[in-house]
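Please open the model in your viewer and have the selection tool ready. The tour moves from one selection to the next and says what is there.

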Amino acid sequence: MAEEYWRWKEYNWHSPDIDWKQAESVTAGVDVGSVSSQAVIMTDGQLFAYSNMRTGSDSPDSARNAMNWAMEETGMTLEDVQYVVGTGYGRVNVPFAKRPITEIACHARGANWMYGPGVRTVLDMGGQDCKAIHCDERGKVTNFLMNDKCAAGTGRGMEVFADLLSVSIEEVGDMSFDVEEEPEPVSSTCVVFAKSEATSLLREGWPKSKVLAAYCSAMAHRVFTLLERIGVEKDFAITGGIAKNSGVVKRLEQEIGFEALKPKHDTQIAGALGGALFAKALLEKERKK
Amino acid sequence: MLANYGYKDGSGEYFITVDTEKCNGCGDCVEACPAKVLEVIEDQYDPIEGDMIASVTDAHRKKIKYSCGPGKPVSNRPPLPCMAACAQDAITHSW
């Protein structure tokens, strides 16, 4: 079988220091996205465990797999989790979730926890869409914009390019800087057209790194025009898989004129993390009644 | 919160913006829209409070340009029916 250059690493993690049995609240967020699914488990508002894997063709299965993988080796079962929030494209298809919450609210809340209350602008570059969000110091959404009409500026587009150029998706960003001078961005923002354009550039003899540079800068610009509409206020944070792609992030930072906050956690779990935080708040609200 | 529903494509920016601070969930805009673009639902972006607010239905979010086309104001045309109906001035659009 041909090598799958687009495939990124799936993994799970849990904190060895937390004894979840002592916790008053055990809540979870499951983010079933278009490309990847994450589950995050929190105990008393602390990050306890998470997993990150590809979404399969079946949303309920993907949700169950992600959740089971996050709970692996922790001794926890689904019954021990008191409140589960589903989010992402497949949010209504998480069978064990008490309620679905839109990923826009979850990403803002997750970024607020991950990066601190100073975050005002969150850019989520996901698998199949791109969201620009403004939030207040509590992580509450104050303004948002979502582009899910096309795949330009998303992880799926980057996967297509990794595959076309036979470059591992994790190396795309760094390789795109391996150029003598920055080429003109590819002219089309559409992934399908950009791929055709890139193919012609390769036939003209462009090295892979130069083609990647041209694509990354087109992607950064595309996302920037989206951000421009709501404005970029400091602090600025990026979530989602593309936050790990330096080729897009650095070019975007240049356009904006300042840097994004450096991630302390995996940027892909922000949505599920926000879901787990909402789950905690909703659980407390329920208990008060 | 300013909720922007719609998209941007090669031909322009098509967004309906609802200011949820101003919207009181009365539903006058829902009645006024001939294309049934709007609905009053629980605020999806603030699930803790969960106020009732006007929002663009999922079915119309990716085709606003066409849904709102017949009411598109070019010089000296009246505002969109939803905007005209809203006593709180909570609705704006980007084109």
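Begin by selecting Arg54(A) and Glu159(A), which form a salt bridge in this predicted model, with their closest N and O atoms 3.3 Å apart. Between domain 1 of chain A and domain 2 of chain A, the count is 1 salt bridge, and 5 residue pairs are in polar contact there.

Next, colour the two domains separately: the domain assignment gives residues 11-109 together with 269-288 as domain 1 of chain A, and residues 120-260 as domain 2 of chain A. Their centres, taken over C-alpha atoms, are separated by 27 Å, while the contact itself takes 13 residues from domain 1 and 18 residues from domain 2.

Where on domain 1 of chain A should you look for the residues that lose the most area to domain 2 of chain A? Select Tyr89(A), Ile104(A) and His107(A), which together account for 44% of what the domain 1 side buries. The area buried between the two domains is about 1200 Å², and carbon and sulfur atoms give 60% of that area.

Finally, move to strand β10 of chain A, residues 236-239, and turn the view so that each face can be inspected: Phe236(A) and Ile238(A) lie on one side, Ala237(A) and Thr239(A) lie on the other, and all of these are buried, so both faces are covered. Add strand β7 of chain A, residues 121-125, to the selection, and you will see that β7(A) pairs with β10(A) in the parallel sense over 4 bridges, with Phe236(A) as the bridge partner of Thr121(A).

Key: Residues numbered from 1 in each chain as written. Chains lettered and ligands numbered in written order. Predicted model: local features only at pLDDT ≥ 70, side-chain atom pairs only at ≥ 80, totals over all residues. Heavy atoms only, no water. Buried < 20%, exposed > 50% of the residue type's maximum accessible area, 1.4 Å probe, protein only. Helix = DSSP H or I, 4+ residues; strand = E, 2+ residues; numbered from the N terminus. Pairing = 2+ DSSP bridges. Domains from an automatic or database assignment. Contact = heavy atoms within 4.5 Å. Buried area = accessible area lost by both parts, 1.4 Å probe. Salt bridge = Lys/Arg side-chain N within 4 Å of Asp/Glu carboxyl O. Polar contact = N/O pair within 3.5 Å; in protein donor to acceptor, adjacent residues only side chain to side chain.
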